[in-house]
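I set out to go through this model entry by entry, writing down what I looked up and what I found. The notes keep to the order in which I opened each topic.

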Amino acid sequence: MAAADSDKVGAVHVVINHLRLRDPVTDATLAATQDATRLVVDAGAVAARVLRVDDTHLILVLDFATADDADRIARDVGGPWMREHIVPLLAGGTERSVGEVVASA
């Protein structure tokens, strides 16, 4: 296998949501994020992670095989879950970024 072949990245789309909360995150909210990651993966995401930056800042990192998967799962699973569990806790809107992975090691 040529070096260039081993360096190719499969088409992976990543969604990153910065969630800035009004109040410190609770254990119940953290438990709910574990449920959410499982729901998203069960719906077809490649991977889902939640990072705690500090007591009022969480980052949701979601990997999808295609942009269509990202859109479908956001619409059918992630959006409804966020409206129920996270939106009422936010200090403002979410900061959402979506992109295709172009390099990885």
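**Entry 1: the packing of H2**

Against which elements do the buried residues of H2 pack? Before answering I note that I am working with a predicted model, and that I read every value below as computed from it. The buried residues of H2 pack against strand S2 (47–54), against strand S3 (57–64) and against H3.

I then looked up which residues these are, and found that Thr29, Ala32, Thr33, Ala36, Thr37 and Val40 are buried in H2. They lie on the same side of H2, because the arc they cover around the axis is only 150°. On the face turned away from that buried side I found the exposed residues Asp27, Ala28, Gln34, Asp35 and Asp42.

For the geometry of H2, I noted 16 residues and a reach of 23 Å from the first C-alpha to the last, which is close to the 22 Å expected at 1.5 Å a residue. After H2 comes Gly44, and I recorded for Gly44 a positive phi near 125°.

**Entry 2: the overall layout**

I stepped back to the whole protein and counted three helices and four strands in its secondary structure, which run α-β-α-β-β-α-β from the N terminus on. Of the 105 residues in the protein, 32% are buried. When I took the contacts with a separation of 6 or more, I found that residues 24 or more positions apart account for 72% of them.

As one example of residues distant in sequence, I looked at Asp23, which sits in the loop between S1 and H2. The C-alpha atoms of Asp23 and Leu89 are separated by 7.3 Å, although the two residues are 66 apart along the chain. Setting aside the neighbours of Asp23 within four places in sequence, I found Asp23 in contact with Asp55 and Thr56.

**Entry 3: salt bridges**

Side chains of opposite charge can pair when their charged atoms come close. How many salt bridges does the structure hold? The structure holds four, and I followed up several of them here.

In helix H2 (residues 27–42), Arg38 and Asp42 are four residues apart, about one turn of the helix, and their side chains meet in a salt bridge at 3.4 Å, N to O. I asked whether each partner is buried or exposed. Arg38 has a relative accessible area of 47% and is therefore partly exposed, whereas Asp42, at 56% relative accessibility, counts as exposed because the cut-off for that class is over 50%.

In helix H3 (residues 67–85), Arg72 and Asp69 are three residues apart, again about one turn of the helix. The closest N and O atoms of this salt bridge are 3.6 Å apart, and Arg72 is partly exposed, with a relative accessible area of 31%.

I also looked up Asp76 and Arg75, whose side chains meet in a salt bridge at 3.1 Å, N to O. Asp76 is partly exposed at 47% relative accessibility, while Arg75 counts as exposed at 53%.

**Entry 4: the largest pocket**

Rolling a probe the size of a water molecule over the atoms shows where empty space is left. I began with the largest pocket, which has a volume of about 300 Å³. It is lined by 21 residues, and those closest to its centre are Asn17, Leu60, Gly78, Gly79 and Met82. Strand S1 (13–20), H2, S3 and H3 are the elements that each give two or more residues to this lining. Which element gives the most to the lining of the largest pocket? I found that H3 does, with eight residues.

**Entry 5: the cavity**

Last, I searched for enclosed space and found one cavity of 30 Å³ or more in the structure. The largest cavity holds about 40 Å³ of space, and its lining consists of Leu19, Thr33, Ala36, Thr37, Val50, Leu60 and Trp81. H2 gives the most to this lining, with three residues. Returning to my first entry, I noted that Thr33, Ala36 and Thr37 are among the buried residues of H2, and that these three residues also line the largest cavity. Leu60, likewise part of the cavity lining, is one of the residues closest to the centre of the largest pocket.

Note on methods
Residues numbered from 1 in each chain as written. Predicted model: local features only at pLDDT ≥ 70, side-chain atom pairs only at ≥ 80, totals over all residues. Heavy atoms only, no water. Buried < 20%, exposed > 50% of the residue type's maximum accessible area, 1.4 Å probe, protein only. Expected span 1.5 Å × (residues − 1). Arc of directions from axis to C-beta. Contact = heavy atoms within 4.5 Å. 1 Å grid on protein atoms, 1.4 Å probe; cavity = no way out; pocket = protein on both sides within 12 Å on 5 of 7 lines; lining within 4 Å. Points joined across faces, edges and corners; volume = space filled by probe spheres on them.
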